[in-house]
Amino acid sequence: MSDLEDLWDDLPTSVPPVDAILNAGRASAARRRMIARPLVAVGAAAALIGAFAAGATIDGIPGSTFRPPQSGPSPVAFQADLQPAQSCDQLLASYRERALGLVSEWGWGPQRLEPYASGPLSDLSADRGGSGQVPQTASATGTNVQENGVDEPDSVKTDGKLVVRLRGDDLIVYDASGTTMVKRSTLTIPRIEGGEILLVGSTVVAIGADQLSSRDDMSGLRRGSRVVTVSVAKPSEPAIESTTTYSSRVLSARQHESAVRLVLEAGLPNLSFIQPDGKKVTRHQALAANRLAVEMSTINDWLPSYDSGDGSKQLLDCSNVAIPPDALVLDTVSVVGFTASAPTKPQAIGLAAAANIAYESAGHLYLADGPTQWECRVCMYDGRGPASGRRLNGGTTHLYDFILDGVHTIHVASGEVEGTVRDRWSLDEAGGVLRVAVGPSSETGNFNSVVTFRREGQKLVEIGRLDHLGGDEELKGVRWFDDLAVLVTYREVDPLFTIDLADTAHPRLI
């Protein structure tokens, strides 16, 4: 497909009502018998082209008004294979049906844990040192980031004149315009935990866990998050401008110019489950009651909410939540965009499944469902308690490609790769090609691979791969350059693999 065809394919146009418009042209011509036949054909064609370009209604024909192509991507959330729910009833039915396969007499089965989580903002905390990862470059605000032009939260930010630092829940503002740093003020940000900050002009955006939210029973992490904006236009008098809480946990936060984008994970809802006690409540009774709790759950139990100070609201419209294939792990992931000047007006779309890895390039967001791990918290003794053990990683990783349009996020393609993706450092985009480092799974041999993808229509299509990297070893770290990938694997020694990506269809071990 040519570049021109790609651009045309992206245009948010519906099928033009050609027949209706031509019929209107013919009817108009019949009313004007004196007009020469050649001019009628020209007029009909002109009407068709003019209506398509300007969205005009012709002679009051129903359905003949439609939106002209825009200069950029449409805010329609899903333009590829992910299908949004047609109604809240359909979405709720999907949640319930999939949840019934997870519930037991003990409540939810073993929850999926993030194996690399290190705090409320696990992805953010690991960016600058976790898992042996090496930052790619430095942003304009002084933070080591993975991609140029995509800023990331940090504990310290600067614009060259001011330095702002979040220490615990205290925001400290320094004047750095002179030869020495001068502390100007300290402002306490209430009820934020494990936070980091972005700096957008004279506005600080603090993102962290919400201290008022409950903790997840399995991971121990806060279920909710808090976003606070602070004006530092007057360094000696910083002022909180807005506070927005979300009922979901932050997986990723990024900044593109004035737009801030969050990827949130809701987790499974807290329903009124009971457990057998060996006396009054049998295992059979507990299972029946817990299944009933799932069947009686409402859409508000499943969809996340947010509160900007004027009451809790549903974050996602049902029509902006995609229902994925049943094979995906049950969850609700939200992609939320807002500007630093309007943080209380989030634009959000959702996926009714788990996608716990988020990577952003300058123009795209890629989501992937990372390793699924189960861990026993209450093991089985004498036949009592949930089943113990650990579930092996799934065999295939699903990939979702979104175009970024200001605060909007638009799904444009999907793909799959056999193997597991460790974290967001395993993904990289260069020259329109997505490069993915994958580890072993039930669908591969016991080795690591580098696989390349290109978007073709609505699909991410594999165009090249290199297998058998680090046999019987775990992938520990990945570093991407324009035409080069460097991988570190580990068993008892640390091999280093250097891969030539100049020909993306034929990656070569050098």
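Two strands count as paired if DSSP finds at least two bridges between them. Keep that cut-off at hand for the exercises below, which explore a predicted model.

**Exercise 1. Follow the strands β29, β30 and β31.**
Work out which of these strands pair, in which sense, and over how many bridges.

*Solution.*
- Begin with β30 and β31 (residues 496–500): they pair in the antiparallel sense over five bridges, and the cut-off asks for at least two.
- To pin down the register, look at V486, whose bridge partner in β31 is T498.
- Now turn to β29 (residues 474–480), which runs antiparallel to β30 (residues 484–490) and is joined to it by six bridges.
- Here V478 has L487 in β30 as its bridge partner.
- Finally, check the connection: β29 and β30 make a hairpin, with three residues between them.

**Exercise 2. Find the edges of a six-stranded sheet.**
Which strands stand at the edges of the open sheet that contains β15 and β19, and what does that leave on one side of each?

*Solution.*
- Write down the strand order first: β1-β18-β20-β19-β15-β14, with mixed pairing.
- The edges are β1 (83–84) and β14 (249–256); each has a single partner strand, so one side of each has no neighbour in the sheet.
- Then step inside the sheet, where β15 (residues 259–265) and β19 (residues 333–339) pair in the antiparallel sense over seven bridges.
- One bridge to locate in the viewer links E265 to its partner V333 in β19.

**Exercise 3. Describe helix α6 and its buried side.**
Compare the span of α6 with the expected one, then find where its buried residues lie around the axis.

*Solution.*
- Helix α6 covers residues 283–295, which is 13 residues.
- From first C-alpha to last, α6 reaches 18 Å, close to the 18 Å expected at 1.5 Å a residue.
- Its buried residues are A286, N290, A293 and V294. They cover an arc of only 100 degrees around the axis, which puts them on the same side of α6.
- The general rule helps here: an α-helix has 3.6 residues a turn, so residues three or four places apart point the same way.
- To see what covers these buried residues, look for elements including α4 (88–100), β2 (103–104) and β3 (107–108).

**Exercise 4. Classify an aromatic pair.**
What geometry does the pair of W108 and W302 have, and which parts of the chain does the pair tie together?

*Solution.*
- A search of the whole structure gives five aromatic pairs.
- In the pair of W108 and W302, the ring centres are 6.2 Å apart and the planes form an angle of 65 degrees. Planes over 60 degrees apart count as edge-to-face, so this pair is edge-to-face.
- W108 lies in strand β3 and W302 in helix α7 (residues 299–302), so the pair ties together parts 194 residues apart in sequence.
- For burial, the cut-off is under 20% relative accessible area. W108, at 15%, counts as buried, and W302, at 3%, does too.
- Widen the view: Y95, W108, F273 and W302 form one aromatic cluster.

**Exercise 5. Map the surroundings of S449.**
Is S449 buried or exposed, and what does its side chain contact?

*Solution.*
- Place S449 first: it lies in strand β27 (residues 448–456).
- With 3% relative accessibility, S449 counts as buried.
- Its side chain makes a polar contact with the side chain of D467, at 2.6 Å.
- Leaving out residues up to four places away in sequence, S449 touches V436, A437, V438, R465, L466, D467 and L469.

Technical notes: Residues numbered from 1 in each chain as written. Predicted model: local features only at pLDDT ≥ 70, side-chain atom pairs only at ≥ 80, totals over all residues. Heavy atoms only, no water. Helix = DSSP H or I, 4+ residues; strand = E, 2+ residues; numbered from the N terminus. Expected span 1.5 Å × (residues − 1). Buried < 20%, exposed > 50% of the residue type's maximum accessible area, 1.4 Å probe, protein only. Arc of directions from axis to C-beta. Contact = heavy atoms within 4.5 Å. Phe/Tyr/Trp six-rings, centres within 6.5 Å; stacked < 30°, edge-to-face > 60°. Polar contact = N/O pair within 3.5 Å; in protein donor to acceptor, adjacent residues only side chain to side chain.
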